[in-house]
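User: I should like to learn how to read salt bridges, burial and contacts in a protein model. Please take me through them one at a time.

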Amino acid sequence: METKLKPVDTSVWRKKPLAAYEADMKKSELKRVLTRWSLTSLGIGAVIGGGVFVLTGIAANEWAGPALALAFVMAGVACAFAALCYAEFASILPVEGSAYAYSYGTVGEIFAWLIGWNLILEYMMGATTVAVSWSGYFEKLLHLLGINPPIWLMNDPVTAQEKAEKLRAAGENIPDFSFAVNLPAFLIVWCVTYVLVKGIKEAASTNNAIVILKVATVIFVIVAGAFYVDAANWTPFIPEPVIDKGGQQHYGFNGIVTAAGIVFFAYIGFDAVSTQAGEAINPKKDVPFAIIASLIICTVLYILVSLVLTGMVKYDALDLKAPVAQAFADQGLTWAVYLITIAAIAGLTSVMLVMMLGQTRIFLGMAKDGLLPKNLFASIHPTFKTPWKSTILVGGIVSVVAALTPIDKVSELCSSGTLLAFAMICGAVWLLRVREPNLERPYKTPALPVVATLGILANLYLMYNLRTDTKISFLIWCSLGLVVYFLYSRKHSHLNKPEDHQ
């Protein structure tokens, strides 16, 4: 009997028993305070922000043109397949940890570790990207109010030097500086960290208020912007392909696919919903509902905003940092620029909040299984009932990276981690259906073989079409993750001695 169990105990494909998840839920110290609509709001809070206020300019200007709407459709469809699979998993295993936890109980430890490692990349880089974008909109608001802070205080060193050189070339007298830091990005991360340490109820309440503001603003952008659409800006809807010096195709079909991979970053909100299962009142029913509802609502809004935006401004003239506000400024609607800028600042704050919230819950799930140090990543505050140590750690890392790193270096890395995690989860839910056909499933993915296959293919295809340097950086990240797994996580996994963790 022992010889039969030994390979299971030491294999990198060993699985966490499904019964252990029930024990984790019973022992959880987290407060169950989130309702169905609080969860949906958290999803919308993470989704709306990064895509509308940040990446639309880059994706349309450099890659898709007016066909940005098709890129959102493409990314939304790839997400829909993954969302349906997520929903089934969330109904079976309503625990914190998201795709990491789901795959640990179905496919195996090494598979789960890689998903968890990529989710760390997803949330860390996502929060960093949004913090830098928040700083850009905050700077725009200061300019609107007649306040012009020095370049070296509002930008990372690389961006600050680039801006200074452009302004000097234009004849402006910009003094030399040897130090630069994105101070607003640094400070906002610590404000969000404070709210997250204080408690999930406070974080959810803050998010709900912000979501109402930014959804109202997005609807305003769609309705008001429609009156300023010039149909000529949509021609050609799909611009002729252009090959750059590096051999990368811009515009045309391949350009749309690359844009879809870039804006995919904007869809990770429904993934964040699943990380909150440990704090949901009725997770088996409410988490699947929130996952699908937040995705549908946000996809419709994204498509409409992208059509209005590319109709208001010619795609090659879109601002890369604050495209929505700039589109209204070009129409002379200064009052609307104030509204959009304030809403963007609030909206991006809630995206950061949900991403950092999701990050700490991934850490919590991995630490509970022994794959990360428990005294750091699974330490729950006695009063606030939040994983306070890991929250402060995440805040520290994100704040420093956001203060010193250009936005274009981190946003696509976030997408690559998400795409692989989604493809893997589509395969894992199908595998579980085959292995455990009698398991109770409050929600079942319809036409699973078709949905799972299309989900795997769609997500891997978008990943394949990301830029070459992004793929190289991603491979380096995955290699680093494998080193950590074999040096630490495999040795400390609770599955090494399952009898000690009954």
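Analyst: The following turns take each feature in general and then in this structure. The model is predicted, so local features need pLDDT of at least 70 and side-chain atom pairs count only at pLDDT 80 or more, while totals for chains, interfaces and linings use all residues. Residues are numbered from 1 along each chain as its sequence is written, and side-chain values use heavy atoms, with hydrogens and water left out.

User: How many salt bridges does a search of the whole structure find?

Analyst: A salt bridge is a side-chain nitrogen of Lys or Arg within 4 Å of a carboxyl oxygen of Asp or Glu. The search of the whole structure yields seven of them. One of these pairs Asp369 with Lys16, with 2.7 Å between the closest N and O atoms. Asp369 lies in the loop between helix H16 (334–368) and helix H17 (374–377), and Lys16 in the loop between helix H1 (2–10) and helix H2 (18–27), so the pair ties together parts 353 residues apart in sequence. Helices here are DSSP runs (H or I, at least four residues), numbered from the N terminus.

User: Are Asp369 and Lys16 buried or exposed?

Analyst: Buried means under 20% relative accessible area, exposed over 50%, and partly exposed in between (1.4 Å probe, protein chains only). Asp369, at 7%, is buried, and Lys16, at 8%, is buried as well.

User: Which residue forms a salt bridge with Arg36?

Analyst: The partner of Arg36 is Asp286, the closest N and O atoms being 3.2 Å apart. Arg36 belongs to helix H3 (residues 36–47) and Asp286 to helix H14 (residues 283–312), so this pair ties together parts that are 250 residues apart in sequence. Arg36 is partly exposed at 30%, whereas Asp286 is buried at 8%.

User: Which residues do salt bridges that share partners join into one network?

Analyst: Glu88, Arg433 and Arg441 are joined in this way.

User: Which residues does Thr193 touch, not counting those up to four places away in sequence?

Analyst: A contact means heavy atoms within 4.5 Å. With that exclusion, Thr193 touches Met356, Thr391, Ile392 and Gly395. Thr193 sits in helix H10 (residues 183–198) and is buried, with a relative accessible area of 2%.

User: How many disulfides are there?

Analyst: A disulfide is a pair of cysteine sulfur atoms within 2.5 Å. By this rule the count is zero. As for individual cysteines, Cys191 is partly exposed at 48% relative accessibility, whereas Cys478 is buried at 12%.

Key
Helix = DSSP H or I, 4+ residues; strand = E, 2+ residues; numbered from the N terminus.
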